[in-house]
Amino acid sequence: MTHELQVIALAGGKGDLGQYLQEALSQDPRYSLVILTRQINPSTLKSPHTDTNTNTTTIPTDYTLSSLLSILTTTQATTLISLIRCPDADYLPLHTSLLEAARLTQSCTRFIPSEWAGDIASFPDLSRAYARTRAPLRGLLANQPCPKVEYTLFNHGWCMEFSCPRQSRIDDWGTFNQMAETLERFYDQPESLELAIAEAEEWTVSGATACPKEKTLWQRETYFAGMQFTTVKQLLQQAEREERV
Ligand SMILES: NC(=O)c1ccc[n+]([C@@H]2O[C@H](COP(=O)([O-])OP(=O)(O)OC[C@H]3O[C@@H](n4cnc5c(N)ncnc54)[C@H](OP(=O)(O)O)[C@@H]3O)[C@@H](O)[C@H]2O)c1
């Protein structure tokens with residue numbers, strides 16, 4: 001059976017999560033990929049660059065509506081996925097532009113905004129940072145004028161890939177608060193970090209970062225039946241074997 005090629009645009013696709021998604025999707029012949037990035041360096045990447053081995057084109061953008069619309073239209077993107085992790089103030093304007101650009105095209109009918117974390121079904125207002133940023137976007141998504149873009153809010157789980165690649169591995173072990181203290185000293189921003197830590201603690205203590213057990217088991221059975229899952233212990237052993245920690 002032949003499949004129509006799907007063109008998937010990954011906004012922020014050069015980031016940590018984006019790289020894994022890119023790697024996985026590029027191995028599937030049903031997809032070609034478009035990576036959106038603000039970077040015009042390295043290698044003075046001023047125009048689209050295509051890697052024919054992986055069917056992936058990297059295109060610089062400033063995330064204005066006109067730039068996004070031009071990219072989505074030219075590439076005939078069918079799905080737009082955001083993996084952007086940005087300052088809170090940038091989240092809504094960026095994602096409003098992404099959604100609007102998709103809505104204005106003929107081809108791009110699916111959108112996954114950059115949520116990726118937390119039990120937003122039970123705790124839509126936690127973390128507070130998410131209530132300030134992601135929650136207003138959820139409202140826009142739910143109340144779109146026609147034509148509508150189909151959207152998915154995706155939580156990839158309690159813990160994503162924390163085994164760092166060897167070249168960027170962190171050899172500093174400690175508690176979350178110790179790490180925050182180091183960052184606080186480095187950036188000299190005690191107030192905003194204190195707030196961020198308090199919000200993260202509230203988010204965790206409330207259970208809003210946990211995966212709801214029944215729903216998770218149902219999704220595992222429904223979407224990933226037969227797939228081998230790695231336990232935390234196995235992950236650590238593998239990371240140790242591969243010299244990633
Ligand atoms: N569930 C979990 O355990 C968990 C853990 C970590 C992260 N997450 C979530 O997963 C998503 C991806 O995280 P990540 O760690 O992969 O992110 P990341 O690597 O820190 O950033 C992803 C990309 O965002 C782009 N970006 C940053 N600031 C921007 C701005 N102002 N405007 C436009 N683009 C900007 C950058 O792309 P360019 O420089 O190429 O433009 C960057 O490569 C986020 O929503 C994050 O909150 C979830």
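S127 is found in the loop that runs between strand 6 and helix 4 (128–142). In this predicted model, the peptide bond joining L126 and S127 is cis, with omega about -5°. A cis bond also leads from C146 to P147, where omega is near -5°. P147 belongs to the loop between helix 4 and strand 7 (150–151).

Positive phi values occur in two further loops. Y63 sits between strand 4 (56–60) and helix 2. Its phi is near 65°, although Y63 is a residue other than glycine. Y63 has 19 C-beta neighbours inside 10 Å. The threshold for burial is 20 or more, so Y63 counts as partly exposed. Q76 is placed in the loop between helix 2 and strand 5. Q76 is not a glycine either, and its phi is positive at about 55°. With 15 other C-beta atoms within 10 Å, Q76 is partly exposed.

The chain as a whole contains eight helices and seven strands. Of its 245 residues, 22% count as buried. Contacts between residues at least 6 apart in sequence were examined by separation; 69% of them join residues at least 24 apart.

Strand 1 (residues 6–11) is mostly covered, with five of its six residues buried. Strand 1 pairs with strand 2 (residues 31–37) in parallel, through six bridges. Within this pairing, I8 stands opposite L33 of strand 2. Between the two strands the chain passes through helix 1 (residues 16–26), and the resulting β-α-β crossover is right-handed. Strand 1 also runs parallel to strand 5 (residues 79–82), to which four bridges join it. Here A9 has L80 of strand 5 as its bridge partner.

Both A9 and L80 recur in the largest nonpolar core, which has 28 residues. They are among the residues with the most contacts inside this core, together with L10, A11, L72 and L98. Strand 1, strand 2, helix 2 (65–75), strand 5, helix 3 (88–104) and strand 6 (110–112) each give two or more residues to the core. Helix 3 gives the most, with six residues.

The contacts of L72 were listed without its neighbours within four places in sequence. L72 is in contact with A9 and L80, the bridged pair of strands 1 and 5. Its other partners on this list are A77, A101, A102, T105 and C108.

Note on methods: Residues numbered from 1 in each chain as written. Predicted model: local features only at pLDDT ≥ 70, side-chain atom pairs only at ≥ 80, totals over all residues. Buried ≥ 20, exposed ≤ 12 C-beta atoms within 10 Å, placed from the backbone. Pairing = 2+ DSSP bridges. Right-handed = clockwise from strand over helix to strand, strands pointing away. Contact = placed C-beta atoms within 7 Å. Core = buried A, V, L, I, M, F, W, Y, C linked by C-beta atoms within 7 Å.
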